[in-house]
Amino acid sequence: MPDSREVLRLDGVRKSYNIGQPNEVEVLHGIDMRVEHADFAALVGPSGSGKSTLLNQIGLLDSPTAGELYLLGKPTREMDDEARTALRGRHIGFVFQFHHLIGAFSALENVLMPHMVAHGKPDREALDRARNLLADVGLEKFADRKPGELSGGQQQRVAIARALVTRPALLLADEPTGNLDTKTAADVFKLLRRFNAEFGCAVLLVTHDPRLAETCDRTITLVDGRIDSDQ
Amino acid sequence: MWIETTIAMRFLRQGRAQTLLILVGIAVGVSVIVFVVALISGLQANVIARTLGTQAHVRVEAPEEVNRIAPAAAGTAQLLLEDRRAQALRPIVNWQQVRDALDHLPGVTAVSPVVSGPAFGRRGDAVESVALIGMDLPRYLRVIPLDENMVEGRLDVGSGNALVGRQLAQDLGLRTGGKLRLDAGDGRATVVNVAGIFELGVRELDARYVYLDLKQAQSLLALPGGVTVIDITVAELFEAKRIAARIRGLTGLKAESWMETNAQLMNALTSQSMSTNMISFFVAMSVALGIASVLAVSVTQRTREIGILRAMGTRRRQMLQVFLVQGAVLGVAGSLIGALAGWGLVGIFNTFGPKLFYIPMPAGLVPASMLLATVAGVIAAAVPASRAARLDPVEAIRHA
C-alpha cells in the first residue's frame, strides 16, 4: 500500500536493450527500492553499473522492460509518452552535470521554463516564485542575463532553481557537481541540502564522489545492475 | 500556443545569421514569383487587348455554301470529283431575329450587325482595293472602340460620310473633308465624304477599311436589307469559345470565337501560363527545401536543448509546434519582404523598363504568394519538426 510519505517505489524493475536481437543485453536485473518524502539519497556505483539507466527510468525519461515503477503511488510503466511527459513535468525536477540551460532564454525564463511548458504564460505568482528561487540561489541580480553570460557555477545554480520551480516531489541530480571546482561544488551541494530541508522534496543524487555520498543521509550502491547495498 | 510560439521566435532570433540568410532566400524566391506572374499576366492582358482591339470576341456568319451530293444507290460504287462552291457574299437569313436573340443571350454584352464586302477606292488616278464595312455606329462602338482610334475629323458615317484608315488616306492622298469614290463592281459606285480618319494600329486594316452607314454599304454591295456578319462582345473573354458553340447550336449559323480565330495566340498564351506556373512551382519548391534544410540543421544543433525541454515536461506535440511555427514564421516574413520587393520590381519595370506596355499588379497576387510561401514553409518544416518531436530525451540530452 502506498502511504502518504512514499514518493517513489521500484518493484522488480528490469531494463534490457536490443530486445529480440542477438546482442540483447539486460542492464538492470530487478531493482527494488523506495524513496520517501524528504529523503536525501546518493546513488553510487562504478561506471557501467547501470546508474544512468536507473536514473532515466526513475526520471520517466525511459520505461522499464519489466517490473513496475510507482511515482506518488501511480504505476507508470504502461503510460504513453504524453502521460509520462506530463507526470515528469509536474513532479520531477532534473539537475544535470552540464546544467543544460536553454541559451535563447534569460536566467529567469529558464527557471520558469518547466512552468511555462505546462501552463503557458507565467502569472504573477509563478514569476514571484521564480524570482524568489533565483534569490535563494543568490542570483537575483542575474535574472535577465543569458546563460552564456553566467559562470559554470552560476548556471548550475540556475538549473537547480529551474528544477524546483514546479515544487517537484522528487529532485534527480546527475553528477550535479561533476564539472565544478571544490568550492563551487560545496555551495551547490549546500543548496540541494537546503531545499531538501525547506521544501521536503526527496533528492536522489548520482555521484562518483565517495566523499559527497558520505554526507548524504542514505547511500544506495549499484553494482552490475543490482542493488549491492542501501544504508 | 504561447510558449511554443515564444520558443520558436527565440530560436529564430538566436540563430540570427541562419534566419537572415533563409529570409533573404525566401524573399528572392517570392519576389521572382510575384514579378514573373505580374509580368506574364500583364503581357498576356496586353496582347489580348491589342488583338481584340480590332476583333470581335465572336463573329457570326452565314453558313458556307456546300455542294449537295446525291447519295449513291445501294450496291454501286461512286467516284466523286468535287469542285468546292464559290462563296458568294451572302446575307444572314433573318438577321434581325438573330440579333434580338443574341441581345438576350447570357454572357453577351454587345451585338453589332455588319455588312462587309470588297470594293475599289479611287481618287484621281490612284486605285486601292478596300473592304467596305457598313455598320450601325452605336452598336459597333461597343465591339470595336473606334472612337478611341480616331486621329482626324469626326466619328460620323451617316448621310454619305465615311471613315477611312490612316494608311489608305495616305495612299490616296485623302484628308478630312475630301471625296472618295467607291466602286463595288457591276456599275454600283458612289462618292463619299471623308468625315474622319482612324488608326487601329494594324497596318492591313488601316490600309483597307472604309466604314460606311449600314444602308449605304448594303446598296453598294447589292445586299439590300442584309448583313453578312454579326460581331459579338462577351463579358468573360475566355467564355467566348463556349458562347460561340452555343450560338452555333442555337442559330445554325457559323460562329467563330477569337480563341479559334487566333488559335496560335491562344496556344502561345497557354504555354506561357504553363511556364509561369512551372517557374512558380519550382521556385516555391526550392524555397521550401531551403526552409527544410535550415530547420533540419537547427534541430541537429538544438538536439540537447530539445532533450532538456522534453525532460522538463514539453510534450511531443509542443515540440512539433515549435518547429512548425518556425517554418510558418519564416514563410510569412520572407514572403512579405519578397512580395514587397516583387512589387517594387514591377514598379521599376513600369518606370524604367522598355515601356512597351504597363504591368498592372494583380490584386490577389501578394496575399496569394504569401499564402503559398507560408503553406510551403509549414510543409517544409514538417519533416524536421517531426524529427524533433520524436527525439528520445535520453539520447538527446547525452548528445554532444
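In what order do the four strands of the open antiparallel sheet in chain A stand? In this predicted model, the order is S2-S1-S4-S5, and the pairing is antiparallel. Strand S2 (25-36) and strand S5 (74-75) of chain A stand at the edges with a single partner strand each, so one side of each has no neighbour in the sheet. Further in, strand S1 (residues 6-17) and strand S4 (residues 66-71) of chain A are joined in the antiparallel sense by five bridges. A handy place to look for this pairing is A:Arg14, which stands opposite A:Ala66 in S4(A). As background, strands of a sheet pair through backbone hydrogen bonds, either parallel or antiparallel.

Chain A also holds an open sheet of six strands, in the order S6-S7-S8-S3-S9-S10 and with mixed pairing. Here the edges belong to strand S6 (92-95) and strand S10 (226-230) of chain A; each has a single partner strand, so one side of each is left without a neighbour in the sheet. On average, neighbouring strands of this sheet are turned by 20 degrees against each other, direction ignored. At one edge, strand S9 (residues 218-223) of chain A runs antiparallel to S10(A), and four bridges join them. Among the facing residues, A:Leu222 has A:Ile227 in S10(A) as its bridge partner. At the other edge, helix H5 (residues 152-164) of chain A lies across S6 and strand S7 (170-174) of chain A, running at about 170 degrees to S6(A).

Turning to chain B, strand S2 (residues 108-123) is a good strand to follow, with several antiparallel pairings. With strand S9 (residues 229-234) of chain B it forms six bridges, and B:Val111 stands opposite B:Ile232 in S9(B). With strand S3 (residues 126-135) of chain B, S2(B) shares 10 bridges; the bridge partner of B:Pro118 in S3(B) is B:Ala131. The hairpin of S2(B) and S3(B) has two residues between the strands, and B:Gly124 there takes a positive phi near 60 degrees. Three bridges also link S2(B) in the antiparallel sense to strand S6 (residues 179-183) of chain B, where B:Gly121 stands opposite B:Leu182.

Finally, the two chains meet: 20 residues of chain B are in contact with 24 residues of chain A. On the chain B side, two or more residues each come from helix H1 (2-14), helix H11 (303-311), helix H12 (316-352) and helix H14 (393-398). H11(B) gives the most, with six residues. By type, the residues on this side of chain B divide into 10 nonpolar, four polar and six charged.

Note on methods. Residues are numbered from 1 along each chain as its sequence is written. Chains are lettered from A and ligands numbered from 1 in the order in which they are written. This is a predicted model: local features need pLDDT of at least 70, side-chain atom pairs count only at pLDDT 80 or more; totals for chains, interfaces and linings use all residues. Two strands pair if DSSP finds at least two bridges between them. Two residues are in contact if their C-beta atoms, placed from the backbone, lie within 7 Å. Ala, Val, Leu, Ile, Met, Phe, Trp, Tyr, Cys and Pro count as nonpolar, Asp, Glu, Lys and Arg as charged, and the others, Gly among them, as polar. Axes are lines fitted to C-alpha atoms, for helices over the stretch in contact, and angles run from 0 to 180 degrees between N-to-C directions.
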